[in-house]
Amino acid sequence: MTTKIEKAGPVDVPPPAPESIKAIPVRHYGRWVAAIIAIALIALLISAFARGDVNWNAIPDYFFDGEVLRGVRNTVWITILSMVLGVALGVILAVMRLSKNPVTASIAWGYIWFFRGTPVYVQLLVWFNLGLVFDYINIMPIYKDEWSDFMTPFLAALLGLGLNEAAYMAEICRAGIQSVDEGQSEAAQALGMSHAKTLRRVVLPQAMRVIVPPTGNEFINMLKTTSLVIAVQYWDLLQATSEVGQNSGATAEMLFLAAAWYLILTSVLSVGQYYLERYYARGSSRSLPATPLQRVRANLLSFSNRSGGVGA
């Protein structure tokens, strides 16, 4: 009796499980060294100011002084009015600069060339001292008065800051208008829209995405530039703190107070600029950037998840 032996087929053996990869983060020693040096320098600077002959208690005592608050209010007011004048005139100059009329284009170019080429401090002094050239201002039959009575410190500050800002805003607006594709204007004109309506309804709304960010920077810069109006005796924040410092004997301390108020005002404007840029970025980016509050929440959530994973 013969026995038939069958050969067994190959047995499928599962492959061995891969070993877990242990990722070792790259150590950046240079970052830690730079951070330590920066912290040490900041600590030395703080220590130097703390040991200096400065009466720090005078700053909170006069922080909400009536004259200082009046200076803050006037600073904000002259900033807003100067920017309104600068933006309105800047848009007009930008349109004139892009005009096919050589006369209007040349006038706009000359205006921008002059006001960008001379310091704003000099322009303020010129406006305040134009009484040497014009004895009277006579706009018959609307207004007539002596130049010294007409050109008040407020008006000199407004004209000096606003007209200078218009030259820079003209270039910003011109860049924004030119960033819009020409096909948009051609399509609007094909629909029968006039040039002014095309500019107002089609071009400028699309150009705002380019115009808004530098305009926000100009607004913040204008707030700080208002400190120059002390040259024309306008009562702004710097003028107020200087007067309080002379009367109280805390001259240096009041300069630190003025710096603190400028930091507060610029910080508020920076927050407004961020949300305004985020608003006009809706049509250009697929996802809007996270707000500071959303970033804080995301970091806290990530930290809590990591803590929970370590605890588990």
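1. The hairpin. Strand S1 (residues 136-139) pairs with strand S2 (residues 143-146) in the antiparallel sense, and the pairing runs over 4 bridges. Together S1 and S2 form a hairpin, with 3 residues between them. One of the bridges may be located on the structure above: Ile137 has Asp145, in S2, as its bridge partner. The reader should keep in mind throughout that this is a predicted model.

2. The overall fold. The protein contains 12 helices and 2 strands. Along the sequence, the order of elements is α-α-α-α-α-β-β-α-α-α-α-α-α-α. Of the contacts in the protein with a separation of 6 or more, 71% are between residues 24 or more positions apart.

3. Burial and surface. The protein has 312 residues, and buried residues make up 29% of them. The exposed area of the protein is about 21300 Å², and carbon and sulfur atoms supply 64% of that area.

4. A nonpolar patch. Val33, Ile37, Leu41 and Leu44 make a nonpolar surface patch of about 400 Å². Val33 is found in helix H1, which covers residues 29-51. The relative accessible area of Val33 is 46%, so this residue is classed as partly exposed. The class follows because partly exposed residues fall between the 20% limit for buried and the 50% limit for exposed.

5. Helix H11. This helix covers residues 251-280, and its 30 residues should span 44 Å at 1.5 Å a residue. The end C-alpha atoms of H11 are 44 Å apart, which agrees with the expected span. The buried residues of H11 are Glu253, Met254, Leu257, Ala258, Trp261, Tyr262, Leu265, Thr266, Gln273 and Arg278. This list includes residues with charged side chains, among them Glu253 and Arg278.

6. A salt bridge within helix H3. The count of salt bridges in the model comes to 4. One of them joins Glu67 and Arg70, whose closest N and O atoms are 3.1 Å apart. Both residues lie in helix H3 (residues 66-97), and they are 3 residues apart, about one turn of the helix. An α-helix has 3.6 residues a turn, so residues three or four places apart point the same way. Glu67 is partly exposed, with a relative accessible area of 34%. Arg70 is also partly exposed, at 31% relative accessibility.

7. A salt bridge between helices. Which residue meets the side chain of Arg116 in a salt bridge? The partner is Glu171, with an N to O distance of 3.7 Å. This pair links distant parts of the chain, since Arg116 lies in helix H4 (residues 102-117) and Glu171 in helix H7 (residues 153-178), 55 residues apart. Arg116 is partly exposed, with a relative accessible area of 43%. Glu171, in contrast, is buried, because its relative accessible area is 18% and the limit for buried is under 20%.

8. The network around Glu171. Glu171 also forms a salt bridge with Arg174, and here the closest N and O atoms are 2.8 Å apart. Glu171 and Arg174 are 3 residues apart in helix H7, which means that about one helical turn separates them. Finally, Arg97, Arg116, Glu171 and Arg174 are linked in a network of salt bridges. The student may find it useful to trace this network on the structure, starting from Glu171 and moving to Arg116 and to Arg174.

Notes:
Residues are numbered from 1 along each chain as its sequence is written. This is a predicted model: local features need pLDDT of at least 70, side-chain atom pairs count only at pLDDT 80 or more; totals for chains, interfaces and linings use all residues. Side-chain values use heavy atoms; hydrogens and water are left out. Buried means under 20% relative accessible area, exposed over 50%, partly exposed in between (1.4 Å probe, protein chains only). Contact means heavy atoms within 4.5 Å. Accessible areas come from the Shrake-Rupley method with a 1.4 Å probe; for residues, only the protein chains shown count as cover. Patches are made of residues with over 30% relative accessible area and no salt bridge: like charges are joined within 9 Å, nonpolar side chains (Val, Leu, Ile, Met, Phe, Trp, Tyr) within 5 Å. The expected span of a helix is 1.5 Å times one less than its number of residues. Two strands pair if DSSP finds at least two bridges between them.
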